[in-house]
Amino acid sequence: MKLLLSAALVALCISPSLAATPASQTVQPSPAARRAIDSASWLAHVTTLSSDRFEGRAPGSPGEKTTTDYLQQQFRQLGLAPGNPDGSYVQAVPLAAISSYPTLSYSIGGNSTQLKFGDDYVAWSAHPQKEIDVHGSELVFVGYGIQAPALRWDDYKGIDLKGKTLVMLAGDPPGAKEFGTGAGSYYGRWAYKFEMAARLGAAGALLIHDPKTAGASYEVLRNTWTNENFFLDSKEPNPDFPLVPGWLQHDRARALVKAAGFDLDKLARQAGKRDFHPVPLGATLNFTEVNAWRTVATSNVVARIEGSDPQLKHEVVLYSAHWDHFGHDDTLPGPRAQQIFHGARDNAAGVAALLEIAKAYQALPVPPKRTIVFLATTAEERGQLGARHYARQPLYPLKNTVVNLNIHGLNVWGRTSSVLLRGMGKSSADDVVIAVARRQGRALRPEGPLEFGNIYRGDQFEFARAGVPVVALGESPDYVGRPPAWGKDKLMRYHAQVYHTVHDVVDPKWDLRGAVQDMNLLFEAGYQFAQGKDGPVWREKAEFKR
């Protein structure tokens, strides 16, 4: 009940400036533009993109060329200009696929303990070099590894950690009101913690796995990080990871800390307080790794509609959706069609929505004031790498990008009475979404306990952490004419049985009225951002505020 009341208060506390604006006072797109979004056209794109011919749309595969060729052709047919200032519809994204073979031990008082890769720890490399050798790196427990000046929280206290290996807890400090509900803040994400370790010049960072705070079982981590992993290919050190990033299995971490003369539970309690200071463990790390890697050439696809206002056309409203999926697995049983990860909802649905929304903009009698850019990203399934590359090498300055509307899947089970907004309460972009949803007769619904933290998963996160306000819809269970339990069951079954499997295919039982409803919302919200006097801004305590 407390969670529901908190969520309601978040919704009520959002700035009412646009939420309370009468529809008559906002500039709405023409009826012809709204009618341009068509369920049959959308479904045709989804069916094509998720067909066997596209082979699961893996980056760097023949399926990529089929996909990017199709998207470029569709943007041309819609009359959109090439989105790359070089005159093309593509932005090259260089990747490195790295397979790592590590060994790891720690030494305490002259005694060395060897850990078993996979069972006791997982570690990898984000650096395409043949060998990595780290010996005698001091192990330091740094609590939750958080440095958040806006929240007056610093687990590092200015200590020099260059060349050392940080041992830290996953998630947020429990009960610390600075981090909200405890359901998952930006600072609790493993990506943030590894990035902080790299920023501080640490040689390594080992996160202690706890299924209650890690967001995934240890088995999931082992299956993910012991395989070939993808990273942006660069001559420069990877800013997202220290030289040695990894996870310690919880019991192995407890044994290490005990051997060093400490109690992990006591250290964790200390780490939950603002006055925590890093604790040298009196242990050293010895780590070696042999890497094999290959380069992967892949591309984002980008198109644009130039703005009509001489001053505002230099500003951008950016729509995004990832085109990639997992390709195929020849070891799976059955015929070829049952070995392909078709990715119909994830994310042929989102890419098809880009095309439908682009069609709606083209149906306007006058282009919007600001330029509209459509970005179909690569390698989202490999860690949002296409969006990350764009955010670091933008085709249009991010300071002139007023908002990102990211589309990841669409509702295929009918109309809903509410709109679930990821990261609700973080920026004034919410106000526009509230106003448009209200005109559709829908309320805005904050994320529930199972959805918290999803703002940090998906391409929108890369734009948010680069300072661009974002809009990303989640999956509302409030289906018109259905009890909430029906919607929750649909969502749970999809995530348990279909998501990221070969079963994500077009279903003739889909009810596309919900997809059209959400595409219209994204179109009309984007139009308001394109026409408005000022773009949205981050709320005062949002972690992305610059």
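Let me begin inside the protein, with the largest cavity, whose lining is formed by Leu 421, Arg 422, Gly 423, Lys 426, Ser 427, Asp 430, Ile 455, Val 470, Trp 538 and Phe 544. I should say at once that what we are looking at is a predicted model, so please keep that in mind for everything that follows. How many cavities of 30 Å³ or more does the structure hold? The count is 1, and the space in the largest cavity comes to about 60 Å³. If we sort the lining residues by class, we find 5 that are nonpolar, 2 that are polar and 3 that are charged.

Let me turn now to the helices, taking three pairs one after another.

For the first pair, please find helix H4, which covers residues 39-49, and helix H5, which covers residues 62-77; their axes come within 11 Å and cross at roughly 155°. Are these two helices roughly parallel or roughly antiparallel? Angles over 145 degrees count as roughly antiparallel, and H4 and H5 are therefore roughly antiparallel to each other. The residues that make the contact are His 45, Thr 48 and Leu 49 on the H4 side, together with Thr 67, Tyr 70 and Gln 74 on the H5 side. In this contact between H4 and H5, 2 residues are nonpolar and 4 are polar, while no charged residue takes part. As for handedness, the crossing in which H4 passes H5 is right-handed.

While we are in this region, look at the loop between H4 and H5, where Glu 55 is found. The phi angle of Glu 55 is near 55°, which is a positive value in a residue other than glycine.

The second pair is helix H9, residues 250-259, with helix H10, residues 264-271, and here the axes come within 9 Å and cross at roughly 95°. That angle makes H9 roughly perpendicular to H10. From H9 the contact uses His 250, Arg 254 and Val 257, and from H10 it uses Leu 264, Asp 265 and Leu 267. By class, the contact of H9 with H10 has 3 nonpolar residues, 1 polar residue and 2 charged residues.

The third pair brings together H11 and helix H16, the latter spanning residues 513-531, with axes that come within 10 Å and cross at roughly 50°. With that angle, H11 is oblique to H16. Which residues make this contact? On H11 they are Ala 353, Glu 356, Ile 357, Ala 360 and Tyr 361, and on H16 they are Met 519, Leu 522, Phe 523, Gly 526 and Tyr 527. Of the residues in the contact of H11 with H16, 8 are nonpolar, 1 is polar and 1 is charged. Here too the handedness can be stated, since H11 passes H16 in a right-handed crossing.

Let me stay with H11 for one last detail, which concerns the backbone. Helix H11 runs over residues 344-362 and includes Asn 347. Is the peptide bond from Asp 346 to Asn 347 cis or trans? In this model that bond is cis, with an omega near 5°.

Key:
Residues numbered from 1 in each chain as written. Predicted model: local features only at pLDDT ≥ 70, side-chain atom pairs only at ≥ 80, totals over all residues. Heavy atoms only, no water. Axes fitted to C-alpha atoms, helices over the stretch in contact; angles between N-to-C directions. Helix = DSSP H or I, 4+ residues; strand = E, 2+ residues; numbered from the N terminus. Parallel < 35°, antiparallel > 145°, perpendicular 65-115°, else oblique. Left-handed = near helix turned anticlockwise from the far one by under 90°. Contact = heavy atoms within 4.5 Å. Nonpolar A, V, L, I, M, F, W, Y, C, P; charged D, E, K, R; others polar. 1 Å grid on protein atoms, 1.4 Å probe; cavity = no way out; pocket = protein on both sides within 12 Å on 5 of 7 lines; lining within 4 Å. Points joined across faces, edges and corners; volume = space filled by probe spheres on them.
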